[in-house]
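Biologist: Before we discuss the assignments, please show the sequence and the structure. I should then like to ask how several of the descriptive terms were reached.

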Amino acid sequence: ETERHRSLFTGDETKSPKIGNNVEKIRNVPIISIEGRTFPVDAFYLEEAVELTKISINDMISGGRNEKMNSRDRGRGRRPYSRKGDDKDTSRRQQYYEYVTSAGRDFSMSTIDTIVTGFSEKNIPTILIVKLIAYIHVSNRSLSGNIDDGAILVFLPGWEDIKKVNEQLSKHHLINEYYVHVLHGMLGTGKQRQVFRRPPKGQRKIVLATNIAESSITIDDVVYVVDACKHKEKTYD
């Protein structure tokens with residue numbers, strides 16, 4: 001009769017003291033450890049995105065995406081905040097400036113002004129996302145104008161946000177250089193599989209997705225990720 005063997009396969013997590021101690025208690029079991037693999041990642045945050053794209057408050061308003069502007073102000077064509085004589089905005093701007101400088105970060109006052117006055121934490125700045133996609137695309141062309149193979153994955157909270165960004169991309173002057181796919185649970189399997197296709201030569205693949213693409217699938221040609229840093233959850237009381 002062939003002798004039976006049992007093996008315990010572990011990942012990097014067993015290096016932690018808690019799990020490692022438990023593994024030591026298992027006797028007469030060969031341990032096979034599979035090392036993980038990581039890649040260098042450069043992280044950029046909202047301030048860098050605004051600074052790099054040079055988006056302004058006027059861009060937010062003219063793009064129709066300034067979420068702080070209520071319907072009454074939209075009807076009158078007014079700006080959501082006055083940049084002159086608004087003590088509350090001036091105070092917030094000063095506090096934010098002190099915050100970023102104390103952290104050793106250096107941004108223009110235009111960037112700080114745009115963040116303080118032009119953004120709402122309740123909404124997704126889709127116009128900034130579209131501009132950031134364009135910045136990534138253009139700045140990573142070669143000197144000869146060739147496009148690298150890196151796809152851009154954009155995380156958005158829900159279907160309405162995906163549609164909104166997709167619509168804005170379709171009207172962008174670089175649309176002929178974009179190969180756009182959307183990924184959402186409501187789409188059929190055939191539609192979802194299309195995100196794995198390689199783009200035609202001269203185009204960059206852009207995937208607009210919810211966090212379904214964060215853990216359930218791997219798109220192996222993604223190099224750039226734009227994360228709206230918001231997601232939807234179903235909760236029950």
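Biologist: Why are helix 2 and helix 7 described as roughly perpendicular or roughly parallel to each other, whichever applies?

Modeller: This is a predicted model, and the term rests on the computed axes. Helix 2 (residues 46–53) and helix 7 (residues 126–139) pack at an angle of about 65°. Angles of 65 to 115 degrees count as roughly perpendicular, and helix 2 and helix 7 are therefore placed in that class. Their axes lie 10 Å apart, and the crossing is left-handed.

Biologist: Which residues make the contact of helix 2 with helix 7, and how do they divide by class?

Modeller: Helix 2 contributes Leu 46, Ala 49, Val 50, Leu 52 and Thr 53, while helix 7 supplies Leu 128, Lys 131, Leu 132 and Tyr 135. By class, seven of these residues are nonpolar, one is polar and one is charged.

Biologist: What makes helix 2 and helix 6 oblique to each other?

Modeller: Helix 2 and helix 6 pack at about 120°, with axes 9 Å apart. The roughly perpendicular range ends at 115 degrees and roughly antiparallel requires over 145, so this pair is oblique. Helix 2 passes helix 6 in a right-handed crossing. In this contact, Leu 46, Glu 47, Val 50 and Glu 51 of helix 2 meet Thr 111, Thr 114 and Ile 115 of helix 6. Three residues of the contact are nonpolar, two are polar and two are charged.

Biologist: Why is helix 6 said to be largely enclosed by the rest of the structure?

Modeller: Helix 6 (residues 109–118) has ten residues, of which eight are buried, so the description follows. The buried residues include Thr 111, Asp 113, Thr 114, Ile 115 and Gly 118.

Biologist: How do you know whether Arg 204 is buried or exposed?

Modeller: Arg 204, which is found in strand 5 (residues 204–209), has a relative accessible area of 1%. Buried means under 20%, so Arg 204 is buried. Its side chain makes a polar contact with the side chain of His 137, at 3.0 Å. Beyond its neighbours within four places in sequence, Arg 204 is in contact with residues including Ile 136, Asp 148, Glu 177 and Tyr 224.

Biologist: Is the term for His 181 buried or exposed, and what value decides it?

Modeller: His 181 lies in strand 4 (residues 178–183). Its relative accessible area is 8%; as the limit is under 20%, His 181 is buried. Not counting residues up to four places away in sequence, His 181 touches Gln 194, Val 195, Lys 205, Ile 206, Val 207 and Leu 208.

Note on methods
Residues are numbered from 1 along each chain as its sequence is written. This is a predicted model: local features need pLDDT of at least 70, side-chain atom pairs count only at pLDDT 80 or more; totals for chains, interfaces and linings use all residues. Side-chain values use heavy atoms; hydrogens and water are left out. Helices (H or I, at least four residues) and strands (E, at least two) are DSSP runs, numbered from the N terminus. Buried means under 20% relative accessible area, exposed over 50%, partly exposed in between (1.4 Å probe, protein chains only). Contact means heavy atoms within 4.5 Å. Axes are lines fitted to C-alpha atoms, for helices over the stretch in contact, and angles run from 0 to 180 degrees between N-to-C directions. Angles under 35 degrees count as roughly parallel, over 145 as roughly antiparallel, 65 to 115 as roughly perpendicular and the rest as oblique. A crossing is left-handed if the near helix is turned anticlockwise from the far one by less than a right angle, and right-handed if clockwise. Ala, Val, Leu, Ile, Met, Phe, Trp, Tyr, Cys and Pro count as nonpolar, Asp, Glu, Lys and Arg as charged, and the others, Gly among them, as polar. A polar contact is a pair of N or O atoms within 3.5 Å; within protein, one must be able to donate a hydrogen and the other to accept it, and residues adjacent in sequence count only if both atoms are side-chain atoms.
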